[in-house]
Amino acid sequence: MEFLFDMPVRLFAQRDAVEKHREEFGKYGKRCLIVTGHSSAKACGALDDVVRALESQGVEWKLFDQVGQNPLVSVCYEGGRQAAAFGAQFIVGIGGGSPLDAAKAVAAFGADPALTPEGLYQPHRVPALPLLLVGTTAGTGSEVTRFSVLTDDKGHKRSWGNASSYARASFGDPRYTLSLNRPFTLSTGLDAVAHALESYFSVEGDEVSRTFSIMALKLLLPALKEVWLAEAEPSLECRERLYLGSLYGGMAINRTGTAFCHTMGYWLTEKRGIPHGFACAVFLPELIQYAVPLAPEKARRLFGEIGMYAQELCDTIRMLTDAQYEPAGDQELEALLDRWQGVSNMKRTPGNFDREQQRQIARRVLQKKL
């Protein structure tokens, strides 16, 4: 038996989590910068709950609500400068993956005036400011991981993370996801499915990470089918299953990281505007078909646990995925293959996942040449 498990995040996953544990907001200082998007945190009620919690603990706060989808490193850098100017002693991030990932970067920039945007991707000499995270979508898993994906000045999505980019505490209240529309719910849910499947077949996986992946998929797949089939809005109980599944998926990738579906999917978001979850999901059938023959014992366990064989799983993912896009050109594809060389996600994929194997998959998915 051999495994590694490390998740130094105090996680409160329940309804009214912020209100029930408001004392957590008074543990890290008396000045706080709130990092969030333009409107979603307000619309779902999370911002008001956090403000009440901060004020109940005598914490002075300032709002930085400039985070958009696929957040820019430059915007996070500005948030860090505002945190430093305000004298913020800790950061609270509210939102889905974009605001939570941005909050991790703001905490790093706010702690170190010498840290440059490009330096974010290098080892840090100064630990980040303490960070609290409040999730409002069921997909990213950022609440429980050290990872943050941001867009650099070349328009490329890049991942970073270190020991100090974990949240000190995270709050997972599924009520905040009630305001999400059907397409957004499906896309974020498929992001969590991608986390679970990519982690499950990762060469860095172990018994603990694979168990989290299975737990995630057993919740996510039935709930997403329910969302897809339903004429009415999903129930809170369905939203809870999606949220819990996303947390399990986050716990899985916190151990293993993601594999090629995420790396290859970034281009679809950058250049074709496909939402991140759908962009990852279009590659999942390729992952399943590629990995199952290489890991038959793991595959048998997975299919037995979720009650679904490879073809049905692939068909279900395709049914849930909404991604129409113009195919990549030959020059674009070769540039992507260059960009992917040496990326750790490719190395986590089982087998000899070399440039030629990457080209074959990219041609089928990005160029639609079957």
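In this predicted model, the largest nonpolar core comprises 101 residues, of which Ile91, Leu120, Leu197, Phe283 and Leu366 touch the most other members. The greatest contribution to this core is made by helix α7 (residues 207-229), which supplies 11 residues. Such an arrangement may be read against the general tendency of nonpolar side chains in soluble globular proteins to be buried together. Once neighbours within four places in sequence are set aside, Phe283 is in contact with Phe260, Cys261, Met264, Gly265, Leu268, Ile361, Val365 and Leu366. Apart from the largest core lies another, of 23 residues, and among its members are Phe12, Cys32, Leu47 and Ala169.

Aromatic pairs were considered next, and nine were counted. In one of them, Phe12 and Phe171 are stacked, with 5.4 Å centre to centre and 20° between the planes. This pair links distant parts of the chain, since Phe12 belongs to strand β1 (residues 10-13) and Phe171 to strand β8 (residues 169-172), 159 residues apart. Phe12 counts as buried because its relative accessibility is 8%, under the 20% limit, and Phe171, at 1%, likewise counts as buried. Ring pairs further join Phe12, Phe25 and Phe171 into a cluster.

A second stacked pair is formed by Phe260 and Phe353, at 4.7 Å centre to centre and with 20° between the planes. Phe260 is placed in helix α9 (residues 260-272), whereas Phe353 falls in the loop between α15 (344-348) and α16, so the pair ties together parts that are 93 residues apart in sequence. Phe260 has a relative accessibility of 0% and therefore counts as buried, and Phe353, at 7%, is also classed as buried. Phe260 is, in addition, one of the residues in contact with Phe283.

Burial also applies to a histidine, His195, which is located in helix α6 (residues 182-200) and counts as buried because its relative accessibility is 4%. Not counting residues up to four places away in sequence, His195 touches Gly139, Thr140, Gly249, Ile253, Thr258 and His262.

The second largest pocket holds about 360 Å³ of space. Its lining consists of 15 residues, and those closest to the pocket centre are Val282, Pro285, Arg318, Tyr325 and Val365. Two or more lining residues are given by each of α11 (284-291), α13 (310-320) and α16 (355-365), with the largest share, three residues, coming from α11. By residue class, the lining of this pocket divides into eight nonpolar, three polar and four charged residues. Val365, one of the residues closest to the pocket centre, is also in contact with Phe283.

Definitions and conventions:
Residues numbered from 1 in each chain as written. Predicted model: local features only at pLDDT ≥ 70, side-chain atom pairs only at ≥ 80, totals over all residues. Heavy atoms only, no water. 1 Å grid on protein atoms, 1.4 Å probe; cavity = no way out; pocket = protein on both sides within 12 Å on 5 of 7 lines; lining within 4 Å. Points joined across faces, edges and corners; volume = space filled by probe spheres on them. Helix = DSSP H or I, 4+ residues; strand = E, 2+ residues; numbered from the N terminus. Nonpolar A, V, L, I, M, F, W, Y, C, P; charged D, E, K, R; others polar. Buried < 20%, exposed > 50% of the residue type's maximum accessible area, 1.4 Å probe, protein only. Contact = heavy atoms within 4.5 Å. Core = buried A, V, L, I, M, F, W, Y, C linked by side-chain atoms within 4.5 Å. Phe/Tyr/Trp six-rings, centres within 6.5 Å; stacked < 30°, edge-to-face > 60°.
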